Structures are given as C-alpha cells and as structure tokens.
Amino acid sequence: MREDRDLEQEVLAKKVIIHSDNDAPLKLGANDAVCSMDVAYTEDCAFVSCDIINGKTGEWVNTFVTIHELPTTPYESGYFAYYEGPLLVACLEYLNKQIKLKPSLVIVDGHGLAHPRKFGIACWLGLQIDTPTIGCAKKPLVPYLDNLGGAKGSLSPMLLDDEVVGVALRSNKNVKPIFISPGHLISLDSTIYLIKKFHGEYRIFEPIRRADQAVRKASRGEEGDFELIS
DNA sequence: GCGACAG
DNA sequence: ATCTTGTCGC
C-alpha cells in the first residue's frame, strides 16, 4: 500500500525530462512569468500563493493568493506531491482562467529530482502542467557532500547512488544551505543559474519568501502586498 | 534495533 | 505545516 505509490512515482519519474547541461539553457524574457509558490494551512482551509516576477529582470510583478479546501491525503515525507501538489495545480488553473496566467517557470517549496525516487513535488507539478519547474527546499531529503564552503554561492552536490540530483547552496554568508534541484524541462545548470540570479539577500529564495509571507498573512486574515482572490 | 524523515 | 516573544549578532 506504500509499494503502490512508490511504483507510481518510479513510473512517472521516467516521464520527467531533465535537460542536459550541454543543452541550451532555459531562456527567459521580459514577458515570461516566473512563478514561485507556497501554501499555508488553517484548521479548515488551505491558502496558496503565486508570486510572479519578470523573467528577465527578476523584478516583482504581483502576488496572488487563492483559497482551497484542505487536502484529504495526509502528509508523508517522500509523498509531498500527493498532499500539496493538487493545491498548486488548482491555484494555477484558477489564475489561468482569471488573468490568463501562463508561467514559463514555476519554483516550488520542496524538492525536484533530489528525492529518493527522483520524483519530488516539482517533478510531479512539472508533468501536470507541462511547464519547467524547480524545487527549492530548506531541508535535504537525500545526502549531500559535506564540503560546502562558507561563502555565499558555494555549492556541493546532492547524491543519489553517485548521481548528482541537485545541489546544496550556501544562499548567504554563514547560513545553513538551501537545497535546489530541477523538476521538469530544465537542466541542473539552469536551475542553479536561475536560483542564484533571482535569489535576493536572505537565506530563503526571495520570491518563495514573499510567497510565504503572503499566504501566512492571508491565512490570518491580514492584509499585505498580495491580491486575495475568491 | 532505534530514530529521523521535503511541507 | 502549525502553536509563538524577545533577543543576540552581523
């Protein structure tokens, strides 16, 4: 009964497309929307945020928050996509209908390839929406080489049976690393390049940080720099 | 064997 | 994820 989902993840993982670092990098222009998403939960509903930045300049465009019913599937490490994934899809579908939003890249709070079966939530979402995705997590799920330098920008590979499936990134001086990995339709090099490019000045990737602030405020009934859609 | 385990 | 204040340090 856990074998089923493992098998399903292994099957779906084969459909995931990770570009080679030798392939052309993902190019983003001023008209490309880069969306970073997060979710907050209350006792009776879930709030999903979608933070949009300009794909060329990285400047903030807008942050939307949508409200949904709580997931019925319980959260389990390794099966995060079954819990939170459908909420992300629902939010994006809603924004597609309401404002014709079509993301060129989606960055999620969780892992992509850097997952025991190479199928983190970023991979799952990428397949669902047929769009490039990146996973950007605060804790590792697979081992990483413990040789990270202390300087901002230092990297060390995350390994799954000798295969590099992501990197630990020292996102700022003297802070714990964050963990990034490609989800779908992107290479590891492009993943690292884009995360560094849009990262900002704190430990957490700035657009994800904004998305987090937006949903937690919205879930508490507070106002902020976001549009609550309902 | 025991605990830890993305959010 | 969520329950939660001040405080030390860069």
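**Exercises: loops, rings and cores**

Asn174 sits in the loop that runs between strand E8 (163-169) and strand E9 (178-184). Keep in mind that you're working with a predicted model.

**Exercise 1.** Work out whether Asn174 is buried or exposed, and find its phi.

*Solution.*
- Step 1: Read off the relative accessible area of Asn174, which is 66%.
- Step 2: Exposed means over 50%, so Asn174 counts as exposed.
- Step 3: Now look at the backbone: phi of Asn174 is positive, about 60°, although the residue is not a glycine. Why point that out? Because most residues other than glycine have a negative phi.

**Exercise 2.** Do the same for Lys118: find its loop, its phi and its exposure.

*Solution.*
- Step 1: Go to the loop between E5 and H3, where you'll find Lys118.
- Step 2: Its phi is near 55°, again a positive value in a residue that isn't glycine.
- Step 3: The relative accessible area of Lys118 is 28%. Partly exposed covers the range between 20% and 50%, so Lys118 is partly exposed.

**Exercise 3.** Describe how the rings of Tyr41 and Tyr83 are arranged, and say how far apart the two residues are in the chain.

*Solution.*
- Step 1: Searching the whole structure turns up five aromatic pairs. In the pair of Tyr41 and Tyr83, the centres are 5.3 Å apart and the planes make an angle of 40°.
- Step 2: Planes under 30 degrees apart would be stacked and over 60 edge-to-face, so this pair is tilted.
- Step 3: Tyr41 belongs to strand E2 and Tyr83 to helix H2, 42 residues apart, and the pair links distant parts of the chain.
- Step 4: Check exposure: Tyr41 is partly exposed at 30% relative accessibility, while Tyr83 is buried at 17%.
- Step 5: Zoom out, and ring pairs join Tyr41, Tyr75, Phe80 and Tyr83 into a cluster.

**Exercise 4.** Find out which element gives the largest share of the largest nonpolar core.

*Solution.*
- Step 1: This core has 30 residues, and Met37, Cys50, Leu88, Leu101 and Leu125 have the most contacts inside it.
- Step 2: Elements giving two or more residues include strand E2 (33-41), helix H2 (80-99) and helix H3 (121-129).
- Step 3: H2 wins, with nine residues, the largest share.
- Step 4: Take a closer look at Cys50: beyond its neighbours within four places in sequence, its contacts include Met37, Phe64, Leu95 and Leu101.
- Step 5: Don't miss the second, separate core of 19 residues, with Leu28, Ile53, Ile178 and Ile192 among them.

How values were computed. Residues are numbered from 1 along each chain as its sequence is written. Chains are lettered from A and ligands numbered from 1 in the order in which they are written. This is a predicted model: local features need pLDDT of at least 70, side-chain atom pairs count only at pLDDT 80 or more; totals for chains, interfaces and linings use all residues. Side-chain values use heavy atoms; hydrogens and water are left out. A nonpolar core is a set of buried Ala, Val, Leu, Ile, Met, Phe, Trp, Tyr and Cys residues joined through side-chain atoms within 4.5 Å. Buried means under 20% relative accessible area, exposed over 50%, partly exposed in between (1.4 Å probe, protein chains only). Helices (H or I, at least four residues) and strands (E, at least two) are DSSP runs, numbered from the N terminus. Contact means heavy atoms within 4.5 Å. Rings of Phe, Tyr and Trp (its six-membered ring) pair if their centres lie within 6.5 Å; planes under 30 degrees apart count as stacked, over 60 as edge-to-face and the rest as tilted.
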